[in-house]
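Colleague: Could you walk me through this model before I set anything up with it? I'd like the overall picture, then the odd backbone spots, the empty spaces and the charged pairs.

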Amino acid sequence: MINFMHRHYCARILFGLLMLLTTAIQAAEIQVAVDRNPVSLNESFQLTFTASDEPDGNPDFTPLQDNFQIISQQRSSNSSWVNGQSSRKEQWIVRAMAKQAGDLLIPPIAFGADSSKPLKLVVSENTAAPQGNDEIFLEVTATPEQPYVQSQVLYTLKLFRKVQITQASLSEPEIKDALVEKLGDDSTYATQVKGVDYWVTERKYAIFPQQSGVFTIAPLILNAEYLSNQRQPRFNGFFNRPDTETRRVASKAITLNVQAVPASFKSPNWLSAESLTLSETWSDAGLQTKVGEPLTRTLTLSAKGATVGQLPELLGKTAIDGIKTYPDQPLLKEDKQSDGLTARREEKIAFIPSKPGEYTLPALDIVWFNTKTQKMETGHLPSVKLKALASAEDTQTSAQPAAADVQPEQPNSQIAASPITVTSSGDTLFWQGCRRPWRWAGC
């Protein structure tokens with residue numbers, strides 16, 4: 001009876017542990033993202049909580065209310081079926097406004113037993129001021145205004161309006177000898193300027209000046225048609241067309257003082273970025289293969305605040321005796337987010353050894369200029385040793401003796417020491433000292 005109770009108690013403990021383990025494994029991962037960062041005080045912003053699996057419960061947004069005012073909440077779900085597998089995505093969209101300026105924390109939000117991760121949000125003082133007519137105006141900024149050549153400049157446009165725009169056209173940034181890339185999607189939010197409520201549409205660009213010197217980003221021109229609040233409709237009925245006004249609004253011009261490559265930068269390939277990562281992976285973690293079989297290396301270079309055209313080649317041209325190399329075409333990608341452009345270059349190469357042994361690949365260094373610290377830095381991968389093992393065919397070949405070294409088996413040492421004479425008698429051959437007829441077989 002005692003043994004039965006003991007087994008029952010152990011089974012209950014084991015079941016509880018398994019349930020805890022299953023719960024940990026099945027915990028839903030909840031991602032949180034903000035539509036822009038930083039934001040200004042008295043501006044609304046959008047928080048998006050995304051879960052790939054059904055979370056444990058409904059979210060509790062109460063912790064947000066310490067530093068933020070919640071304006072609205074919205075929930076959406078999306079299910080898909082791809083290649084025989086189903087996937088589901090749940091999203092909660094919260095529009096909020098900060099109560100104070102500074103470095104604020106979006107706290108973890110509980111979804112039952114599941115939880116999102118904290119997120120840092122920078123809230124700055126509102127510095128916008130109406131220009132001329134305060135119904136519609138444009139504000140533009142560029143950071144930094146003294147960049148290095150081929151370095152990223154974040155150009156931000158904000159359209160402020162307190163009227164309903166029905167139709168509009170906006171020019172693109174123009175600057176001589178520069179690459180211009182639009183970043184992400186436009187964001188729309190509410191704000192206040194000197195106590196007046198405005199809707200703001202924000203758009204960002206990445207500009208890469210290709211020459212040093214002084215350059216001007218031309219003013220942006222907005223042609224907008226908007227509903228007039230001053231007039232009443234001239235006719236009543238179905239065919240009424242609301243009265244509108246058309247206005248042309250221009251932003252200010254911005255001057256950039258583009259600096260040349262620093263004299264301290266000695267590398268032949270100029271690469272400037274906010275951050276850089278250099279990594280590698282191998283098809284075999286043990287870094288070994290057999291003769292005639294490939295071992296594939298994948299190199300990845302990622303640079304924030306750079307274009308793919310600035311990223312150098314990664315695979316060295318130095319030949320390695322005993323190894324043939326087969327490089328693949330590089331994969332190039334640019335990720336355009338609201339905080340800037342990130343360039344990525346991936347190169348793959350297959351190493352096929354022709355003989356067994358150890359081979360050393362040299363270290364890889366990428367010299368670059370950090371635009372945040374204003375210092376030269378180096379992305380580094382140490383040298384790598386590869387091991388090539390003999391193939392199965394090579395092993396069998398080396399184990400077999402050469403034909404010239406094969407000797408006939410001797411019956412015994414005494415006969416083997418006697419002189420051997422072959423005589424013929426009809427179709428039968430006789431070895432001297434052997435009593436049995438030799439018919440192409442040993443005695």
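Modeller: The secondary structure of the protein comes to three helices and 32 strands, and please keep in mind throughout that this is a predicted model.

Colleague: What share of the residues is buried?

Modeller: Of the 443 residues in the protein, 33% are buried. As for the surface, the accessible area comes to about 27500 Å², and carbon and sulfur atoms account for 51% of that.

Colleague: And among the contacts between residues at least 6 apart in sequence, what part joins residues at least 24 apart?

Modeller: That part is 69%, counted over contacts in the protein.

Colleague: OK, backbone next. Where are the cis peptide bonds?

Modeller: One cis bond runs from Asn37 to Pro38, with omega near 15 degrees, and Pro38 sits in the loop between strand 1 (30–34) and strand 2 (39–40). Another joins Thr143 and Pro144 with omega at about -5 degrees, and here Pro144 is placed in the loop between strand 11 (136–143) and strand 12 (153–161).

Colleague: Which residues other than glycine have a positive phi?

Modeller: Asp177 is one of them, with phi at about 55 degrees, and Leu287 is another, with phi near 60 degrees. Asp177 belongs to the loop between strand 13 (165–170) and strand 14 (178–193), while Leu287 is found in the loop between strand 21 (275–282) and strand 22 (288–290).

Colleague: How accessible is Leu287, and how about Asp177?

Modeller: Leu287 has a relative accessibility of 21%, so it counts as partly exposed given that buried means under 20%. Asp177 is partly exposed too, with a relative accessible area of 38%.

Colleague: Switching to empty space: what is the volume of the largest pocket?

Modeller: The largest pocket has a volume of about 790 Å³. It is lined by 31 residues, of which Pro38, Thr143, Leu154, Thr156 and Lys204 are the closest to its centre. Two of these names came up before, since Pro38 and Thr143 each take part in a cis peptide bond.

Colleague: Which strands supply at least two residues each to that lining, and what is it like by class?

Modeller: Strand 2, strand 11, strand 12 and strand 15 (196–209) each supply at least two residues of the pocket lining. By class, the lining of the largest pocket divides into 14 polar, ten charged and seven nonpolar residues.

Colleague: How many cavities of 30 Å³ or more are there?

Modeller: The search of the whole structure finds two, and the largest cavity holds about 50 Å³ of space. Its lining is made up of Thr289, Leu295, Ile323, Phe351, Pro353, Tyr359, Leu386, Lys387 and Ala388, which by class comes to seven nonpolar residues, one polar and one charged.

Colleague: Which strand gives the largest share of that cavity lining?

Modeller: Strand 30 does, with three residues. Strand 26 (340–353) and strand 30 (384–389) each supply at least two residues of the lining of the largest cavity.

Colleague: Now the charged pairs. How many salt bridges does the structure hold?

Modeller: The structure holds 14 salt bridges. One of them brings together the side chains of Glu54 and Arg75 at 3.9 Å, N to O. Glu54 lies in the loop between strand 3 (44–51) and strand 4 (59–60) and Arg75 in strand 5 (residues 68–82), so this pair ties together parts that are 21 residues apart in sequence. Glu54 is partly exposed, with a relative accessible area of 47%, and Arg75 is partly exposed at 44%.

Colleague: What parts does the Glu181 and Lys336 bridge tie together?

Modeller: In that bridge the closest N and O atoms are 2.8 Å apart. Glu181 lies in strand 14 and Lys336 in strand 25 (residues 331–337), so the pair ties together parts that are 155 residues apart in sequence. Glu181 is partly exposed at 23% relative accessible area, and Lys336 is partly exposed at 34%.

Colleague: And the bridge between Glu347 and Arg345: are those two buried or exposed?

Modeller: Both Glu347 and Arg345 are buried, and the closest N and O atoms of their salt bridge are 2.5 Å apart.

Colleague: Which residues are joined into one network by salt bridges that share partners?

Modeller: Glu172, Lys182, Asp186 and Arg203 are joined in that way.

Conventions. Residues numbered from 1 in each chain as written. Predicted model: local features only at pLDDT ≥ 70, side-chain atom pairs only at ≥ 80, totals over all residues. Heavy atoms only, no water. Helix = DSSP H or I, 4+ residues; strand = E, 2+ residues; numbered from the N terminus. Buried < 20%, exposed > 50% of the residue type's maximum accessible area, 1.4 Å probe, protein only. Contact = heavy atoms within 4.5 Å. Areas by Shrake-Rupley, 256 points an atom, 1.4 Å probe, with all protein chains shown as cover. 1 Å grid on protein atoms, 1.4 Å probe; cavity = no way out; pocket = protein on both sides within 12 Å on 5 of 7 lines; lining within 4 Å. Points joined across faces, edges and corners; volume = space filled by probe spheres on them. Nonpolar A, V, L, I, M, F, W, Y, C, P; charged D, E, K, R; others polar. Salt bridge = Lys/Arg side-chain N within 4 Å of Asp/Glu carboxyl O.
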